[in-house]
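User: Hi! I would like to learn how to read features off a structure, one at a time. Could we walk through this one together?

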Amino acid sequence: MLKKITIAFLALLVLIQFIPVEKNESNDMEFDISKSYQIGDNVATILKGACNDCHTNLTRYPWYSNIQPVKYFLADHVNDGKRHLNFSEFTKLPLAVQNHKFEEVIEMVEEKEMPLESYTYFGLHPKANLTEEERLALINWAKDQMAYLAATYPADSLVRKRRTPPSQ
């Protein structure tokens, strides 16, 4: 019985290798954040090492990303990250949302919720283990971008409109 279960499990592992998963490699930069915002070299380096794999349209995939079920997990993880914040499509968002995204960057980095701990498990992605200095650089950069928006656009254009519930 154990032999049959083992064979079935191994067969399943082999079969799931053929399930296709779309990779995040479009590198579409038409609405990239760098088109409208200043990103210093130090911040660009931090973003590249700690953020861009999950928050842009170009993920650098490690060798193990070709093995299921890891392939599926990574695709889901990247898609979720891009759903929350995608630097490659940042300028497509309304100004109020862009401003709010900078607030979220500040909050997530201050509270050490980003980058995710799982991104650095087993010594993976060592550049994502941010120092306090790197965290402060990201926070200050996001605050500077919010200040730029506040100085450039009317205040009411930077406030997200509250959704009203539909009438019954």
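User: Let me start with a cysteine. Is Cys51 buried or exposed?

Analyst: Happy to help, and please keep in mind that this is a predicted model. The idea is to compare relative accessible area with a cut-off: buried means under 20%. Cys51 has a relative accessible area of 16%, so Cys51 is buried.

User: And how many disulfides are there?

Analyst: For a disulfide, we look for a pair of cysteine sulfur atoms within 2.5 Å. By that rule the count is 0. Cys51 takes part in no disulfide, and the nearest cysteine sulfur belongs to Cys54, 9.1 Å away. Cys54 is likewise in no disulfide, its nearest cysteine sulfur being that of Cys51. As for burial, Cys54 has a relative accessibility of 11%, so Cys54 counts as buried too.

User: Now the empty space. How do I find it, and how many cavities of 30 Å³ or more does the structure hold?

Analyst: Rolling a probe the size of a water molecule over the atoms shows where empty space is left. Here there is 1 cavity of 30 Å³ or more. The largest cavity has a volume of about 40 Å³. Its lining is made up of Val21, Glu22, Lys23, Tyr61, Ser65, Lys71, Leu74 and Ala75.

User: What about pockets: how much space lies in the largest pocket, and which residues lie nearest its centre?

Analyst: A cavity is closed to the probe, whereas a pocket is an open set of points. The largest pocket holds about 520 Å³ of space. Its lining comes from 23 residues, and those nearest the centre are His55, His84, Leu85, Met108 and Met114. By element, α2 (41–50), α3, α4 and α5 each give two or more residues to that lining.

User: Which element gives the most to the lining?

Analyst: That is α5, with 6 residues.

User: Let's stay with α5. Where does Asn99 lie, and is Asn99 buried or exposed?

Analyst: Asn99 lies in helix α5, which runs over residues 95–110. With a relative accessible area of 9%, Asn99 is buried. You can also read a distance here: the C-alpha atoms of Asn99 and Phe73 are separated by 30 Å, with these positions 26 residues apart along the chain counted as their spacing.

User: Next, the backbone. Which residues does a cis peptide bond join?

Analyst: The angle to read is omega. Gln68 and Pro69 are joined by a cis peptide bond with omega of about 5°. Pro69 sits in the loop between α3 (52–55) and α4 (70–84). Met114 and Pro115 are also joined by a cis peptide bond, with omega of about -10°. Pro115 is found in the loop between α5 and α6 (132–152).

User: And which residue has a positive phi although it is not a glycine?

Analyst: Look at Lys112, whose phi is about 60°. Lys112 lies in the loop between α5 and α6. Its relative accessible area is 48%, so Lys112 is partly exposed.

User: One last feature, the surface. Which residues form a nonpolar patch there?

Analyst: For a patch, we look for nonpolar side chains within 5 Å of one another. Phe9, Leu10 and Leu13 form such a patch, with about 280 Å² of accessible area together. Leu13 belongs to helix α1 (residues 2–16). With a relative accessible area of 30%, Leu13 is partly exposed.

Methods:
Residues numbered from 1 in each chain as written. Predicted model: local features only at pLDDT ≥ 70, side-chain atom pairs only at ≥ 80, totals over all residues. Heavy atoms only, no water. Patch = residues over 30% accessible without salt bridge, like charges linked within 9 Å, V, L, I, M, F, W, Y side chains within 5 Å. Areas by Shrake-Rupley, 256 points an atom, 1.4 Å probe, with all protein chains shown as cover. Salt bridge = Lys/Arg side-chain N within 4 Å of Asp/Glu carboxyl O. Helix = DSSP H or I, 4+ residues; strand = E, 2+ residues; numbered from the N terminus. Buried < 20%, exposed > 50% of the residue type's maximum accessible area, 1.4 Å probe, protein only. 1 Å grid on protein atoms, 1.4 Å probe; cavity = no way out; pocket = protein on both sides within 12 Å on 5 of 7 lines; lining within 4 Å. Points joined across faces, edges and corners; volume = space filled by probe spheres on them.
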